[in-house]
Amino acid sequence: MSIELLVQALLNGFGLAMVYVLVALGLTLIFSILEIINFAHGEFYMLGGYVTYYLYALFGVNYFATLVLAILTVGIAGVVAERLIFHDLRGRALNAFIVSLGLLWVMQAGAQLAFGVLDKPVPSAFSGVVRGLGVVISVERLVVSLSAIVLIVALYLFLRVSRPGRAMRAVAQDPDAAALQGVNIDVVSALGFGVGCALAGGAGGLLAPLFAVSPAMGALPVVKAFIIIIIGGMGSLPGAVLGGLLLGGVEGLGALFMGSAAVNILGFVMVIVVLLVRPRGLVGGA
Amino acid sequence: MRIRASIATIVMVALVAAAVTATRGAAEDKTLTIGVLGPLSGGAASYGVELVRGAEMRADEINKAGGLKVGNDVYHIKLVSYDHKALAADAATAANKLVFQDKVKFIIGNAVGATCNAVQTVTEPEKVLFSFVCWGTSNLGPDKPYSFRAMLSQWEVAEPFYRWVKDKHPAVKRVALISPNDTSGKDTNTAVVKALKGLGFEVAADEYYERGTKDFYPILTKMLATKPDMLDVAAAPAGEGGLILKQARELGFKGAKGWTAGTNPFTIIGVAGKDAAEGVWSPTNINVKSDFVSATVRRFGEEYEKRYKEVPGVIAVANYAAFDVITKAMQDARSLETDKVLTALTQKPFDTVWGKLVLGGKDTYGIDRQFLYPMVISEIRDGKVVDIAQVLPAALKK
Amino acid sequence: MERSAVAPAAGVALIALGAAALPLVTRDSYYLDVATTILMNLTLTMSFRLQVSTGQINMAHISFMGIGAYASALLVTRAGLSFWATLWIGALVAALLAVPIGSVALRVSGPYYFLITFAFSEVVRLFFNNFFEGLFGGPSGLVGIPKPGRLLGLVFDGKLALYGLMAVLCVVVVLALVRLDCSRFGLTAGAIRQADLVAETLGVNVFRYKLTTFVLGSFVAGLAGVFFAHYRQVLHSSDFGLEPMVLLVVFTVIGGTGSVWGPVVGTILMTIASELLRELHHYEILVFGAVLILTMLFAPEGLVALPGAARRLLRRVRARTTAPAGAGLAP
């Protein structure tokens, strides 16, 4: 087993980790503001993918413009979903679970009926590979990872600096105190849900050219997102980043030594271990 | 007010019950109800949907031509399809509904191995003819005389395919294969490995991935480190197979490529990109737009695309052919009794979109219940599927 | 927690009568199959609800069904034991494995408990799907599991006999769980669910209660699993994965977790609804999802709480229309 192979394996794992972190961040944002777990999160990821397919693959709109439009469209869809379905379910996790499950089925079946059942390819915006030191990564993956990092930093700044972002953090920490301070919980909830979904939609748009789009494409990323936020800690942005890197590294290296089923089991074992040793996650505690 | 509400509820329930029973019981005198099962939702939906479409196309053709004439009766064909969501227990319940409620004696179409087993627990005791595309070995056998497979499986295809590779491309010595981690994947890899070893190839890698995976860099890194001459995406469906080929190319793989259990070439070319798909050999692809297929197939492809806005894959064609063959057997038998239809099926070859088709496979399964038809080996050149060789199964060589 | 308005004995009697009456109305194999499935799901949702009543949303419930199923299938096909023995052995194996798994899972609570049990269930499913293929059948599944053998001269080959068996099992389980719910155990469980800490201060060993319900629920799940294995005669890991588990949660929550009858209402109505929806072919999933959303929005406490809510609404409307203007009394 050469060093190059190990480095390539690690690079494989890290390569797209940041995009899954985006999905995870959306999920954890919704959880911290509304105290519910949105199981339909993967379907918003899928929506972002299909918006990208239509705008970029079919109509030829510029890739980055498409990405922005995908993020906006899915964000609006999220706000609509929150207003219509989720806003009365604050804190009612079990009911929200059932409702989001229903939404998942509606969106997935709807996508299949609207878009067809076959995988639809999206052309790569960037071609070529980068080789160096015996390892290789495609230019496409590099751009996608960097874009994801840019979005994560943007989210961080948004939550830190902007008024709506600070309002979201206030609600996440203590909704009653925030309300007393004059924060409109309803608006923050809708906005938070929208931003959470927008992040998933952005991830879907980023990965569409790499992985093609299909109605069921949201299932796997959402499982990864769950693992990431448990490892990193729910409600923690740096935790999600750390969780993403850890999961990516383990999956990348794991694939070298064991079969895919074993690698999957490893991910869940990590979840169990973290929940037992540090239930708040490695960085969590916020 | 409560009493009024109760009365209203009772009336409503009665109306609904009446509506449901009315739509169900309204079987006309000469209607032949045929069932189709499959995963119509979720990750495996493309299989189920193609099965239904293939059956629909043939059923509509027959109905438009005046119905199915069996003996002295003419039947209008009615298709009933249910979604089993790739879950075995669901498939059993759906099969129960088809057999006992819809009174179906023919189920033409099912996919996903475990569900086939579940359906067979219902169809075999009731002597219901069951045709499927599941690849599991346990699905065919002398204890299951009413079941048959409508599409060539790996047990028919792997050996002739790799014999051709050995013959025409002797430089290929080490083969790496990858399939999804389910029944068809397991069976495909087992069959391919057996064929490879029997022909003197070296198996560089024999890998599985979880269905739904899109990022194959980790597993490909391991596989390509074994320096294979050929990469076979075996039982991977078109979308995932395309991703594997695309990513293998990015990682620097330049060797030969195969798709032993290919289904829809357009999708794989689309997803992999022309360059990564260049040179892929497949013994099961069908390209309905190729110059090499008959006019019937080409017309089928055009009609299908017009109607469903998607290009048909091999599963749609297989079920179209299965529907065709079984209805023809009914006519030959001059009866709808499954025993008689079964006899008619095993008696002689049929002319289908595949060419000549016959039931065989006794050596492998102990009973002749596998559709055998000419296997066409194709190569993808410049984004198009080109047929380059034809292999006849032994039973058709007479 | 709502105390049920229906006397427990009456409720169980109703279920038993309904189950006995069905074969008099129809012998159709399909209806019997659906009814058998409903009864089997009922044992699963009632035992799931038992755990929910102590605040545990146990996403690994279905895994114990699987453990019972595989255990019995293997004991019968490999060791030649009789179904009538493996029925209990399978359930026992599930219960025994529930002790360590439950003890580990119960070290966390709330959403973390939900997630850790989900992680366990995936590990178990992947284990059955990919390891020891010679035993469990791997991705192709396990086939050829025989139906239950003779007992006291009765043959259990046909749908009716198997339906009868499941009906008896179900009524026994329902009776046991309803009695448990109405006893001090049930009250304590409810207290634990409302507020762990308060219950602790009142001298309740919260951990022991929760673990007991976990193990008890797993025993029942194992029982259902054994029946499932010999009824369907084929097993596959997907039978014990997220999709069927999620349906159990749906049945229970839509029925209403506050009452022991919630799962009964939920399981029966939703199973019938989903069978009717089969007629929609490829619109089935879409409509089912919509039904879930609408039901949860209109009946957030579950269907079983609707009559109570309707009654309260009626009372409020009546009070408002009969109160003299300016009386100022709130209804």
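**Reading the B–C interface and a hairpin in chain A**

Author: Welcome! In this predicted model, chain B and chain C each bring 32 residues to their contact.

Reader: Nice to start there. How much area is buried between chain B and chain C, and what share comes from carbon and sulfur atoms?

Author: Buried area is what both partners lose on being put together. Here that area is about 2,700 Å², with carbon and sulfur atoms giving 55%. On the chain B side, Leu87(B), Thr93(B) and Lys97(B) supply 17% of what chain B buries against chain C, more than any other three residues.

Reader: And how many salt bridges are there between chain B and chain C?

Author: A salt bridge needs a Lys or Arg side-chain nitrogen within 4 Å of an Asp or Glu carboxyl oxygen. Four are counted between chain B and chain C. Lys85(B) forms a salt bridge with Glu284(C), where the closest N and O atoms are 2.9 Å apart. There are also 14 residue pairs in polar contact between the two chains.

Reader: Which element gives the most to the side of chain B that touches chain C?

Author: That is α3(B), with 10 residues. By class, this side of chain B has 13 nonpolar, nine polar and 10 charged residues.

Reader: Let's turn to chain A. How do strands β1 and β2 of chain A run, parallel or antiparallel?

Author: They run antiparallel: four bridges join β1 (residues 129-132) to β2 (residues 135-138) in chain A. Gly132(A) stands opposite Val135(A) in β2(A). Two residues lie between the strands of this hairpin, and Leu133(A) takes a positive phi near 55°.

Technical notes: Residues numbered from 1 in each chain as written. Chains lettered and ligands numbered in written order. Predicted model: local features only at pLDDT ≥ 70, side-chain atom pairs only at ≥ 80, totals over all residues. Heavy atoms only, no water. Contact = heavy atoms within 4.5 Å. Buried area = accessible area lost by both parts, 1.4 Å probe. Polar contact = N/O pair within 3.5 Å; in protein donor to acceptor, adjacent residues only side chain to side chain. Nonpolar A, V, L, I, M, F, W, Y, C, P; charged D, E, K, R; others polar. Pairing = 2+ DSSP bridges.
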